[in-house]
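Could you walk me through this structure, one selection at a time? I have it open in my viewer and would like to know what to click on next.

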Amino acid sequence: MKIQSLIHGAKLGLLATEVNGYWVARNAVIRRMASDPTNATAQTLARGGAPAYKRRSQSEGSMTFRQNHLLGIEPLHPEEITTILDLADRYAEMERGTQKHGDALTGLTQINMFFEASTRTQASFEIAGKRLGADVMNMAMAASSLKKGETLIDTALTLNAMHPDLLVVRHPHSGAVNLLADKVNCAVLNAGDGRHEHPTQALLDALTIRRAKGRLHRLNIAICGDIAHSRVARSNILLLGKLENRIRLIGPPTLMPSGVADWGVEVYDDMDAGLAGCDVVMMLRLQKERMDGAFIPSEREYYHRFGLDAEKLSAAKDDAIVMHPGPMNRGVEIDGTLADDINRSVIQEQVEMGVAVRMAAMDLLAQNLRAAREPQGVMV
């Protein structure tokens, strides 16, 4: 089954100055020098006499980002997405060097609130915050006052009274993170809310694709599996669509959301047809915890028809890359041998890029937070 595709997105020019307190690209020579953390002279030039937190020491390229929170991909302008990815690219290179720490979040407090189980995302945010100098606190939500009857809003107000600077939230209900953002005076990052969005996962996927393919536009990208229950799928569809990619969704009709025909994507219920000519194959986990009925006959039957193996992958381009947000169910969504194939799989690179993307996102939000808190000059 195939539904007519609608390709959307726009290319926009990039700014090169500082506008209304938001940091954008500076002189190209200084930027290139400042990307080297060992070059003290370049760092001084990059600072221009400003406090340390204002410098763009790890970035290269345009730096335009106007958001106060990162609640989803939908509010982001394509230019802002590029800004995050460019900065994350620099942090990824820094992470591979001997100097892994920066000072972008020095003096700031980061609180991680995970109302759902998480390994990769929580660890990634914690490492990202600590490597940028933040004071990081992980709240044990299973033992919090919510278990005693406290509402989410009361929890938000309590935390707000402690004056945090960055609040990282994962919640099982869609929209809960937006509600929290309305009640606190700090930057809020969505680490996944219900079936709604998972913006940093989409951003790290985008960075992984860009580094592997050398570009992030006009690619054929297949997202396969449990689309209906996946916040990762929604965020990726939004991001990749904004950047002019052709998106295909592949899965059984029972795992396709209603109204998918209006999403500007192609829909297939056959892996061979859907993967034909694809540059990127992104597999999704079966979200059993969000299923309230029998959506597939059996895991064995699902793997036979929609699990990715070498035979099905042969329909894609010879240099197609394989992705999975994790955790993987080997032998259900993907063949274990293929998942470990260093020539095709970029799953471990996704984990690596997760730290870099979250460093970049918190860095940019912290800059805007500090700019908003600075005393404003009075015109007389």
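Start by selecting helix H7 (residues 199-213) and helix H8 (residues 231-242) in this predicted model. Show their side chains: from H7, Pro199, Gln201, Ala202, Leu203, Asp205, Ala206 and Ile209 meet Val232, Ser235, Asn236, Leu239 and Leu240 of H8. Two packed helices are described by the angle between their axes and the distance between the axes. Here the axes come within 8 Å and cross at roughly 55°. H7 and H8 are therefore oblique to each other, and their crossing is right-handed.

Keep Leu203, Ile209 and Leu239 highlighted, and add Tyr91, Leu189, Ile223 and Leu249. Of the 65 residues in the largest nonpolar core, these seven touch the most other members. Which helix gives this core its largest share? Select helix H13 (residues 347-373), which supplies eleven residues. In soluble globular proteins, nonpolar side chains tend to be buried together.

Now zoom in on Leu249. Leaving aside residues up to four places away in sequence, Leu249 touches Ile223, Ile227, Ile237, Met256, Val260, Trp263, Val265, Glu266, Val267 and Tyr268. There is also a second, separate core of 24 residues; to find it, click on Leu275, Ile296, Val322 and Ala339, which are among its members.

Next, switch to the cartoon view and pick out strand S5 (residues 220-224) and strand S6 (residues 246-250), which run parallel and are joined by five bridges. One pair to look for is Ile221 with its bridge partner in S6, Ile247. Widen the selection to the open sheet of five strands, where the order is S7-S6-S5-S8-S9 and the pairing is parallel. Which strands stand at the edges? They are S7 (266-268) and S9 (321-323); each has a single partner strand, so one side of each is left without a neighbour in the sheet. Turn the sheet in your viewer to look for its twist, which averages 20° from one strand to the next.

For the last stop, select strand S3 (residues 166-171). Is S3 mostly covered or mostly open? Mostly covered: six of its six residues are buried. Leu166, Val168 and Arg170 lie on one side, with Leu167, Val169 and His171 on the other, and both faces are covered. Add strand S1 (residues 109-114), which pairs with S3 in the parallel sense over five bridges; Phe114 has Arg170 as its bridge partner in S3. Then add strand S4 (residues 187-193), which also pairs with S3 in the parallel sense over five bridges. Here, look for Leu166 and its bridge partner in S4, Ala187.

Definitions and conventions. Residues numbered from 1 in each chain as written. Predicted model: local features only at pLDDT ≥ 70, side-chain atom pairs only at ≥ 80, totals over all residues. Heavy atoms only, no water. Core = buried A, V, L, I, M, F, W, Y, C linked by side-chain atoms within 4.5 Å. Buried < 20%, exposed > 50% of the residue type's maximum accessible area, 1.4 Å probe, protein only. Helix = DSSP H or I, 4+ residues; strand = E, 2+ residues; numbered from the N terminus. Contact = heavy atoms within 4.5 Å. Pairing = 2+ DSSP bridges. Axes fitted to C-alpha atoms, helices over the stretch in contact; angles between N-to-C directions. Parallel < 35°, antiparallel > 145°, perpendicular 65-115°, else oblique. Left-handed = near helix turned anticlockwise from the far one by under 90°.
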